[in-house]
Number of protein chains: 2
Amino acid sequence: MLLSKSCEYGLRAALYVSMSEKEGYVPIRVISSDLGMSAHFLTKILQQLTKAGILKSFRGPNGGIALARPASQVALIEVVEAIDGPELFRECMLGLPGCGERQPCPLHNKWMIERERLAALFATTTLDQLADSSEGVGVRLAG
Amino acid sequence: MLLSKSCEYGLRAALYVSMSEKEGYVPIRVISSDLGMSAHFLTKILQQLTKAGILKSFRGPNGGIALARPASQVALIEVVEAIDGPELFRECMLGLPGCGERQPCPLHNKWMIERERLAALFATTTLDQLADSSEGVGVRLAG
DNA sequence: AAGATTTGAGACTCTTTATTCTTAAATACG
DNA sequence: CGTATTTAAGAATAAAGAGTCTCAAATCTT
């Protein structure tokens, strides 16, 4: 599995918020309901994004979460690293510690190319790019 | 994590066997010792490769495991799918069931390209290619 | 035949991830 | 002030992955 379940949920929720029309905070309950997730579980995941400075939250009536910055300034890699950590973009495919230029594993060179491409994809894609490309055209966030 | 720990171990062991000079079966105990793994655990993992027809095994003294086919005819993807299953090369990055051409998730198009590249890498790379490229040049399989 | 070696199979434990539940804190509104 | 709403925090539970242990089956050697 490329991303953990928590990370999948976090990305989907972040995209949901990016695509949300209304100004102001979106209640987690609404997101979880629309995306078919447990509200409790999603709350926990989104707290990580809040702590990472990607989201901001507000308690009480009319509260919820919102992007802490414009969607155009949130790259996917921030969400992934806030939840799953940076390992995916750093680790050796065979799990060998210290695998690198100097002591490469047999797969190092090939995997590095793909790993860098993957990192670039996540680093250069922002929430608003995905939100924009998803308007209308049958793209969906829920199962 | 891209590959499970079991899969990492399975790949490393398969590579070890491919690079093994001697004819005949290699005892799992020797592999596990050289690669720094638990023999019991490795045995369990290699059984999956034996059942998948990638390895053959032989019990008793002078027993062990060996490739069931020439290393030039074992693609990495066979090892990965025998242990982790085919999900990595099929699944939606956001975990949405039914994500595809017809109902793409926002990341579908971008991820599909990388996923296909990854699948191609695993499908076109064989054990002997890695073994050959690893002779001498400081490439290693153990931590 | 007896004993040593090595894989096969399955139960078992431990750790991590996933998920749920409970309580507290902040906010809005009457 | 009191109550409803909503996130925060952390305990508790469930499920999956990782790793260990025990015993059985096959094979070789003596």
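**Close-up 1. Sugar, phosphate and base atoms of DNA strand D beside the protein**. In this predicted model, 64% of the strand D atoms within 4 Å of the protein belong to sugar or phosphate, and the rest to bases. The protein side of the view takes in 26 residues around DNA strand D, with A:Ile28, A:Arg29, A:Ser57, B:Ser38 and B:Lys44 the closest. Sorted by class, this surface has 11 polar, 8 nonpolar and 7 charged residues.

**Close-up 2. Pieces of both chains that line DNA strand D**. Chain A brings helix 2 (28-35), helix 3 (39-51) and strand 1 (55-58), while chain B brings helix 1 (5-19) and helix 3 (39-51). Each of these elements supplies at least two residues of the surface near the DNA strand.

**Close-up 3. Polar contacts from chain A to phosphate, sugar and base**. Start with A:Ile28: a backbone N or O atom of this residue sits 2.6 Å from a phosphate oxygen of DNA strand D. Over at A:Arg59, a side-chain N or O atom is 3.0 Å from a sugar or linking oxygen of the strand. A:Lys44 goes for a base instead, with a polar side-chain atom 3.2 Å from a base nitrogen.

**Close-up 4. Helix 1 of chain B packed on helix 3 of chain B**. The two helices cross at about 75 degrees, their axes 10 Å apart, so they run roughly perpendicular to each other. Helix 1 of chain B puts in B:Ser6, B:Tyr9, B:Gly10 and B:Ala13, and helix 3 of chain B answers with B:Phe41, B:Leu42, B:Ile45, B:Leu46 and B:Leu49. That contact is made of 7 nonpolar and 2 polar residues, with no charged ones.

Conventions. Residues numbered from 1 in each chain as written. Chains lettered and ligands numbered in written order. Predicted model: local features only at pLDDT ≥ 70, side-chain atom pairs only at ≥ 80, totals over all residues. Heavy atoms only, no water. Near = heavy atom within 4 Å. Polar contact = N/O pair within 3.5 Å; in protein donor to acceptor, adjacent residues only side chain to side chain. Helix = DSSP H or I, 4+ residues; strand = E, 2+ residues; numbered from the N terminus. Nonpolar A, V, L, I, M, F, W, Y, C, P; charged D, E, K, R; others polar. Axes fitted to C-alpha atoms, helices over the stretch in contact; angles between N-to-C directions. Parallel < 35°, antiparallel > 145°, perpendicular 65-115°, else oblique. Contact = heavy atoms within 4.5 Å.
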